[in-house]
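Visitor: I've got a protein model to explore and I'd like to ask you some things about it. Can you walk me through what stands out?

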Amino acid sequence: MIIDGKEISANIKEKLKDEVVKIKETYSRVPKLAVILIGDNQASQTYVRNKERACKYIGIDSLMYKHDSSFSEDELLLEIEKLNCDDSVDGILIQLPLPDHIDEQRVIEAIDPDKDVDGFHPINISKLFLGKHSLVPCTPKGMMVLLEEINYNLDGKEVVVVGRSNIVGKPVSLLCLHHNATVTIAHSKTKNLKEVCKRADVLIAAVGKAKYFNHEYVKDGAVVLDVGINRDENNRLCGDVDFEDVKDIVQGITPVPGGIGPMTITMLMKNTIEAFYLRNGGKNGI
Ligand code: NDP
């Protein structure tokens, strides 16, 4: 089974669109997301454009703040402070990576945790750790929704997450743990990676290495979630998993492109609506 993130994400977007209509009827305004982009990183510009497009489609207001790479940390902190205080703004997203002269962690910590739609603020990370999560990082959240959509029950399953970044590997491991999986987090220093991965009922590949995981890493009948976004030898987009090599032995696999990627943006939209409800005390209908 190919787990079609594009289609699943399109269905969720329709529900989010309806939710925004309801919000507008009840609160006489729609949720608003502020996005800050600094510098001219091509990939970041594309991501921001896609986020803007998704907002427009769902009916969320988007405010774009684009600055050249000389924008200072102090100027950025001031801008965040203004957005924190602006009651009409429900979500704040700082497009990462930031230029070297800006302290990323300091900036993340400056965002009001209730507006932190990326879920990177230490308060939101702590809530995730405690299982009391509200705003959860978008890519891990998207993976959990995909598993739900295919009715995959993680109870007692062996999950191996390869990659331990703060934005993907660690949060998705916690989410799987909260769903009663037995979780192993592997990384570049893990010994016998093939054997470790081969144990997995669910293999989550998040290393950023083109087609790194072939059938030698994948158990027959496993579910494979491929987070990687890489270019192959022909400069085509590909994941961390060698899709062609494993597709016939797995129970399900997310393709790249069209798997985890579309879910990430959709979860950002969902988080923006959740942030709206968090701040307006309304009942979250999504
Ligand atoms: P990072 O570079 O922050 O982390 C990579 C992780 O992989 C590290 O923990 C590293 O280990 C581990 N690793 C690297 N090489 C190996 C190896 N040979 N064997 C085992 N572990 C290894 O990456 P991110 O988590 O930010 O992203 C991972 C991939 O996911 C990238 O391709 C990125 O583009 C993609 N991505 C996709 C998203 C989407 O929406 N689809 C969203 C976010 C990321 P160590 O810690 O020891 O260095």
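Visitor: How far is a backbone N or O atom of V227 from a nitrogen atom of the ligand?
Guide: Keep in mind that this model is predicted. A polar contact is a pair of N or O atoms within 3.5 Å. For the backbone N or O atom of V227 and a nitrogen atom of the ligand, the distance is 3.5 Å.

Visitor: How much of the ligand does the protein bury?
Guide: Picture the ligand on its own first: it exposes 930 Å². Put the protein back, and the buried part of that area is 71%.

Visitor: Which residue has a polar side-chain atom 2.8 Å from an oxygen atom of the ligand?
Guide: Let's start with the backbone: I229 has an N or O atom there that lies 3.1 Å from an oxygen atom of the ligand. The 2.8 Å pair uses a polar side-chain atom instead. That side chain belongs to a residue listed among the closest to the ligand, along with R164, S165, S188 and G208. The residue is T264.

Visitor: Which element gives the largest share of the shell around the ligand?
Guide: In total, 22 residues surround the ligand. By class, they are 10 nonpolar, 10 polar and 2 charged residues. The largest share, 3 residues, comes from α10.

Visitor: How many of the 12 residues of α6 are buried?
Guide: Buried here means under 20% relative accessible area. Residues of α6 that pass include C138, M143 and L147. The buried residues pack against α1, α7, β6, β7 and α10. So α6 is mostly covered, and the count of buried residues is 10.

Visitor: How far apart are the end C-alpha atoms of α6?
Guide: At 1.5 Å a residue, the 12 residues of α6 should span 16 Å. The model agrees with that, so the end C-alpha atoms are 16 Å apart.

Visitor: Is N151 buried or exposed?
Guide: N151 sits just after α6 and takes a positive phi of about 60°. Most residues other than glycine have a negative phi. To count as exposed, a residue needs over 50% relative accessible area. N151 has 71% relative accessibility, so N151 counts as exposed.

Visitor: Which residue does a cis peptide bond join to P97?
Guide: Most peptide bonds are trans. P97 is in the loop between β3 and α4, and the bond there has an omega of about 0°. The partner of P97 in that cis bond is L96.

Conventions
Residues are numbered from 1 along each chain as its sequence is written. This is a predicted model: local features need pLDDT of at least 70, side-chain atom pairs count only at pLDDT 80 or more; totals for chains, interfaces and linings use all residues. Side-chain values use heavy atoms; hydrogens and water are left out. Helices (H or I, at least four residues) and strands (E, at least two) are DSSP runs, numbered from the N terminus. Buried means under 20% relative accessible area, exposed over 50%, partly exposed in between (1.4 Å probe, protein chains only). The expected span of a helix is 1.5 Å times one less than its number of residues. Contact means heavy atoms within 4.5 Å. A residue is near a molecule or strand if one of its heavy atoms lies within 4 Å of it. A polar contact is a pair of N or O atoms within 3.5 Å; within protein, one must be able to donate a hydrogen and the other to accept it, and residues adjacent in sequence count only if both atoms are side-chain atoms. Accessible areas come from the Shrake-Rupley method with a 1.4 Å probe; for residues, only the protein chains shown count as cover. Ala, Val, Leu, Ile, Met, Phe, Trp, Tyr, Cys and Pro count as nonpolar, Asp, Glu, Lys and Arg as charged, and the others, Gly among them, as polar.
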